[in-house]
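Visitor: Could you take me on a close look at a single part of this protein? I'd like one helix and its surroundings, told as a connected story.

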Amino acid sequence: MAERYPAAHMNAFVIRGGGPLRGEVRVGGAKNSALKLLAAALLAPGRTVLRNVPDIADITTMTAVVEHLGCRVWRDGDRLTVEVPEEVGDETPAHLVGRLRASIIVLGPLLARRGRVRVATPGGCNLGNRAIDLHLSGLAQMGAEIIYGADHVEARVERLAGADIDLPFASVGATENILLAAVTAEGTTTVGNAAREPEIADLAALLSAMGADIHGAGTSEITVRGVGRLSPAHHTVLGDRIEAGTYAVAAAVTRGSVAVDGFDPAHLRLVLAKLRVVGARVDERPGGVTVSAEDGLRSADIVTLPYPGFPTDLQPQFLLLLTQAAGTSMLTENVFDGRFSIVDELVRLGADIAVEGHHAVVRGPRTLRGASVRAPDLRAGAALVLAGLVAEGETVVTDAAHVDRGYADIAARLRALGGDVRRIDVVATAV
Ligand code: UD1
């Protein structure tokens, strides 16, 4: 009998380059908020209800994490109900943390509730050195003892105590973990040089609805007065500014016209400004924008920075856009080391991009031609799907599952805008 090998799962987007995208698209709730809101629910026994939760793979993984910790979670449309037991678990398994680095966010809430937490060493997107030292030193300043294992980290504390914590870098995850630990700690915690992302204000909004006492979330100075106990609450997740920015680039790069709704344009201020510099027309309204462009895109210089700077999560999409703009553009990545993973793939499609350290120099415009490329991570994968829309002929983007982590049904949404994008999932069993 022939020997059977494990099934290989091949998933890809197949895109035929074509005309401009036109129409309307509504983005879902912010992935980077919803993930943390699920962790926040752990702080209060009972039912927390979240609306506008995106139906994406990262949320499925985070749901599995909180289920592993003893919660029951069910979805009804875009509403997720999290039923948290009196006694939650204190360990997260390696296979889930490996799939979702952001699951490290359970450190704060579990330490607060259990006084002990053990998490496997995180995986997730391969974006250079993504240390968690700031998360851990914040918790240590609140009294936690940190024990490093070969493949896990453990934290223990009798009772978390408020502290004055100054972050050397405005880390999103560290700010959130400290916030989650501080809300029920003894005394007052201040976070200096806190990250200012809108998702942090959204997290604080849920925590406040649960009974927490937080001031300054969304600014660089957050003050948290510890309260005894939190209660479950209802909350609507804010719109996903990164998903919105991705569709905005799709409109501009295809020289189309797309109305993007379901988010606050104030959260995309600098991105919209850069779209205008590149030559797109951007009309803002409450809850959305319409982005349109014609031929004659121009070069621009972009520097990624923590919010309100230009978001690193839209850097690969803009790198693509700049390949279609006349002139030389310089894109500087300041947030993540390894985030030029898209460059080799774009070059394979015909782009002219040279990387020097954390700068990418893009010379445009260049005609892109369809080829087989690989999605190296979530945002670069989405940008490659958009590249397929402007490349001549057929582009195949393999490892499509990366894109599923953060985009609900991107192929169907782009098809609804007139793009020729198909998704193929093949389970091949070698015999
Ligand atoms: C979050 C977002 C991610 C986004 C990023 C920056 C989620 C789930 N992910 O990631 O999409 O790209 O913000 O906007 O919300 N760092 C350290 N030590 C730490 C923590 C971070 O050195 O303890 C470094 C990282 O290596 C990285 C930089 O700080 O170079 C930014 O990290 P951070 O702001 O923490 O991003 P994440 O929370 O991981």
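Guide: Here is a walk around helix α10, with the loop before it and one strand to finish. Keep in mind that this is a predicted model.

Let's begin with the helix itself. α10 runs over residues 315–323, and it is mostly covered: nine of its nine residues are buried. By name, the buried residues of α10 are Q315, P316, Q317, F318, L319, L320, L321, L322 and T323.

What does α10 pack against? One partner is helix α9, residues 269–278, whose axis lies 12 Å from that of α10, at an angle of about 10 degrees. Angles under 35 degrees count as roughly parallel, so α9 and α10 are roughly parallel to each other. On the α9 side the contact is made by V271, K274, L275 and V278, and on the α10 side by F318, L321 and L322. Sorted by class, that contact has six nonpolar residues, one charged and no polar ones.

F318 deserves a second stop. Searching the whole structure for aromatic pairs turns up one. The pair is F310 with F318: their ring centres are 4.9 Å apart and their planes sit at 85 degrees, so it is edge-to-face. Both F310 and F318 are buried.

Now step back into the loop between β18 (301–303) and α10, where you'll find D313. Is D313 buried or exposed? Buried means under 20% relative accessible area, and D313 has 14%, so it counts as buried. The side chain of D313 makes a polar contact with the side chain of R339, at 2.7 Å. Setting aside neighbours within four places in sequence, D313 is in contact with N32, I242, R339 and R379.

For a last stop, leave the helix and go to strand β1, residues 8–16, which holds F13. F13 is buried too, because its relative accessibility is 1%. Again leaving out neighbours within four places in sequence, F13 has a list of contacts that includes V385, T395, V396, V397, A400 and V403. Also on that list are D404, I410, A411, V421, R422 and R423. If you want a sense of scale, F13 and I146 are 133 residues apart in sequence and 43 Å apart in space, C-alpha to C-alpha.

Definitions and conventions: Residues numbered from 1 in each chain as written. Predicted model: local features only at pLDDT ≥ 70, side-chain atom pairs only at ≥ 80, totals over all residues. Heavy atoms only, no water. Helix = DSSP H or I, 4+ residues; strand = E, 2+ residues; numbered from the N terminus. Buried < 20%, exposed > 50% of the residue type's maximum accessible area, 1.4 Å probe, protein only. Polar contact = N/O pair within 3.5 Å; in protein donor to acceptor, adjacent residues only side chain to side chain. Contact = heavy atoms within 4.5 Å. Axes fitted to C-alpha atoms, helices over the stretch in contact; angles between N-to-C directions. Parallel < 35°, antiparallel > 145°, perpendicular 65-115°, else oblique. Nonpolar A, V, L, I, M, F, W, Y, C, P; charged D, E, K, R; others polar. Phe/Tyr/Trp six-rings, centres within 6.5 Å; stacked < 30°, edge-to-face > 60°.
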